[in-house]
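Me: I am new to this structure and would like to learn how to read it one feature at a time. Please start wherever the packing is easiest to follow.

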Amino acid sequence: MAGALTMPPPTGPVPAAGLVPEDLPAPGGVPLSRVAVIGGGPGGLYAAALLKRQDPAREITVWERNAPSDTFGFGVVLSDETLGGIRDADPVVYEALARELVHWDAIDIVHRGHLTTSTGHGFSALGRRRLLEVLHARCAELGVRLRFRAEAPPAAHLAAGHDLVVAADGVHSRTREAHAGHFRPRITTHRCRYIWLAADFPFEAFRFEIAETEYGVMQLHAYPFSVDSSTVIVEMREEVWRAAGFDALDEAESASRCAKIFADALGGRALRSNNSAWTAFRTVVNDRWSHERTVLLGDAAHTAHFSIGSGTKLAVEDALALTTALGAHPTLPEALAAYEAERRPVVASTQRAAAASLRWFEELAGHVDRPPRRFAFDLLTRSRRVTHANLRLRDPALTAAVERDFGCPPGTPPMFTPFPLRGLTLRNRIVVSPMDLYVAENGVPGDFHLVHLGARALGGAGLVMTEMVCVSERGRITPGCAGLWTDEQAAAWSRVTDFVHASAPGTAIGVQLGHSGRKGSTRRMWEGIDQPLAEGNWPLVAASPLPYRPGVNQTPHALDRAGMTAVREEFTAAARRAARSGFDLLELHCAHGYLLSGFLSPLTNHRTDAYGGSLENRLRFPLEVFDAVREVWPRDRPMTVRISATDWAEGGTTAEDAVAFARAFADHGADALDVSTGQVVPDERPEYGRSYQTPYADRIRNETGVPVIAVGAISSWDDVNSLLLAGRADLCALARPHLYDPHWTLHAAAEQDYRGPAAPWPAPYRAGSRRPPTGRRDPVS
């Protein structure tokens, strides 16, 4: 591939933040006479060069414990954006790097002997040693003092004689650990082992190759970094690594063994090492990045998994932002605060993407059974930074092929393909997620419910779900919760379903049945979420006598056998009413810490009888309720179950437990699992981010074969299409986007130029099916 090893000057966007123009003056910024840099990696060296260039009068010293020629790893990847920043900050460094960089735009994915190539991805790389040589030379030219083979004094000691100490001492930062009480680091060690190696030939593309061995799944990540060399990373789960015997091999033996496993990718050629050792990746997060005169930079402050190639990029961008902040603010505290404020959101976003990518590779064994092109699409979109729409621009041919494999008719986005559930076929893959309204009177839904649900049905979704509808008066969350424990309530719900079926034909409406358990007898959300009522509280029941918030919420009564039987009968009576009310689908709420969820989680179920202890015992009562409801719910109408796939708390429900829950409910007749997370205990620590709950749905779907509804910060139609095409979900449920825009689905169709049967505009609304003109130049038609 002749074009693989060339590097044109970057033409991509240049970031506004973190740039140091050619003539940026030091006056007006922080007066720094002496600066100490701990660590001579790319971030530390580049920071030293920029700070010296910003003010040549500064005395800047870099301490590096290794020799100038020592380096670990082989090639580093730099984005066009980062290179643009380097170009504007220091053209001398940029020009030196540009002469060395190799550039390619393809990704090769080899899976079960099938090669899928995706084009349109821009990468630039060079050898880490050469990068350091360029930075060494630039520092020397500018007058930075480089102290090699020298252990830096402690940061606190350096701070006594320097105006600023830049701690760029890596993932194992001694500075960070010495001041852990202030920086408050959180370090997570992950489940895969990996090793950095090199091949003495250039791959023609970024290559991912999967090896399914007798020990388990292994993966190769490889890319060229010069005209005659490539970086090769081999990675696998810890248990696979041990089973394969890598824990007993030395460096040379490991390289030789990896070369044999991936002989096809390497063409039978050898791999070489360079102080290479098997290690587990560590994600570093710090609550603070500076302490008095000391500031963290690069891996000392944060890490992002190598599978998205951002380690050196982040360190270099940190150096750019730090230098800019020091030149723009008059005092050191202001400058360091500005540096952190500028970089933290960017780093957090990168770490979220890296975490998604890391998790994908950790769970690789659950993805390998996908067909080759779907597998490739799944891999390419794993971090959520590349999406369906983005990949269509980069590689329209591959994207079109994946769409055809999925079954998209010509001109039909994935989200507008139908989906069958038992006797019901949903016309598209969009679900209006259950959203508690808290405006019912004595459990009776009123006009607000009619308008709310009716508007979203008119808005084009395939399925509109009610809020959690309570099966008894004592099973309410708040006094404003809707119910189905009386015929009056059932009649009011009939009014809603009749409207949906008559005015939005083709839209299905589902009911979610639940019981509040220990989370009941509280105020409406906007009056104080999870806070007990000022007066009129009712007694609560739960799996165990554990209050939701000790000292705040009341202690529930633990259900005995008679109590469980009574609750089960309340669910079946509500299900019969739901059927008569005309609902098309019923969902059993076993999530979010409510009654049935309280039986499933070990954090809320401390029973010692047949309904507590083991996972099978904790499932017993929720399955009893499911069976009883399924028995009275019409056979042709589907039933789904919502679960919390993790409690986001130590000792709680795990992803493995969630898979077991899904299998159990599917074996009992559940048609799909609605996969949510958390809200079980108040001290949870969710990993929020875009589509952050979808990996749990993905795992359940692909380990059990059960259809899943994915939820959790899915906000764009592009996200929906990506999740569906990658095989991570069958349906996508959105809540807040539908509060913002009741016609979200119709607008998604319009924005994708789709006018097919899966998203019909109601006749009275057809005149609004095109985006209104927004300026004088927009045509009016």
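Me: What covers the buried residues of α19?

Reply: Elements are DSSP runs numbered from the N terminus, helices being H or I with at least four residues and strands E with at least two, and a residue is buried under 20% relative accessible area, exposed over 50% and partly exposed in between (1.4 Å probe, protein chains only). The cover over the buried residues of α19 includes the helices α17 (487-503), α20 (595-600) and α21 (615-632), together with the strands β21 (508-514) and β24 (585-590), where contact means heavy atoms within 4.5 Å. The model is a predicted one, in which local features need pLDDT of at least 70 and side-chain atom pairs count only at pLDDT 80 or more, while totals for chains, interfaces and linings use all residues. Residues are numbered from 1 along each chain as its sequence is written, and side-chain values use heavy atoms, with hydrogens and water left out.

Me: Which residues of α19 are buried?

Reply: An α-helix has 3.6 residues a turn, so residues three or four places apart point the same way. In α19 the buried residues are G563, M564, V567, F571, T572, A574, A575, R577, A578, A579 and S581. The helix is followed by G582, whose phi is positive, near 95 degrees.

Me: In what order do the eight strands of the barrel run?

Reply: Two strands pair if DSSP finds at least two bridges between them. Here eight strands, in the order β19-β20-β21-β24-β25-β26-β27-β28, close into a barrel with parallel pairing. Ignoring direction, neighbouring strands of this sheet are turned against each other by 30 degrees on average, where axes are lines fitted to C-alpha atoms (for helices over the stretch in contact) and angles run from 0 to 180 degrees between N-to-C directions. To follow one pairing in the barrel, take β21 and β24, which are parallel over four bridges, with G510 standing opposite L585 in β24. Helix α17 packs on this sheet, where it touches β20 (463-470) and β21, and its direction makes about 155 degrees with that of β21. Helix α24 (residues 717-726) also packs on the sheet, touching β19 (430-432) and β28 (731-734), and its direction makes about 150 degrees with that of β28.

Me: What is the order of the open sheet of seven strands?

Reply: The strands of this open sheet follow the order β6-β5-β11-β12-β13-β10-β14, and their pairing is mixed. Its edge strands, each pairing on one side only, are β6 (114-118) and β14, and from one strand to the next the twist averages 25 degrees. Moving through the sheet, β11 and β12 are antiparallel over seven bridges, and a hairpin of two residues joins them, with T213 opposite G216 in β12. Strand β12 then pairs with β13 (residues 229-237), again antiparallel, over eight bridges; another two-residue hairpin makes this join, and S226 stands opposite S229 in β13. Towards the edge, β10 (residues 185-199) and β14 pair in the antiparallel sense over seven bridges, and R186 has V285 of β14 as its bridge partner. Helix α13 (residues 372-380) lies across β5 (107-111), β6 and β11, at about 130 degrees to β5.

Me: How many residues of β12 are buried?

Reply: Eleven of the eleven residues in β12 are buried, which leaves the strand mostly covered.

Me: How many aromatic pairs does a search of the whole structure find?

Reply: Rings of Phe, Tyr and Trp (its six-membered ring) pair if their centres lie within 6.5 Å, and planes under 30 degrees apart count as stacked, over 60 as edge-to-face and the rest as tilted. The whole structure holds 24 such pairs. One of them joins F206 and Y223, with 5.4 Å between the centres and 35 degrees between the planes, which makes it tilted. Because F206 lies in β11 (residues 206-213) and Y223 in β12 (residues 216-226), this pair ties together parts 17 residues apart in sequence. Relative accessibility is 11% for F206, which counts as buried, and 6% for Y223, which is buried as well. For F281 and F306, the ring centres are 6.4 Å apart and the planes are at 75 degrees, so that pair is edge-to-face.

Me: Which residues form one aromatic cluster together with F206 and Y223?

Reply: Those two share the cluster with W104, F123, F208, W360, F361 and F375.
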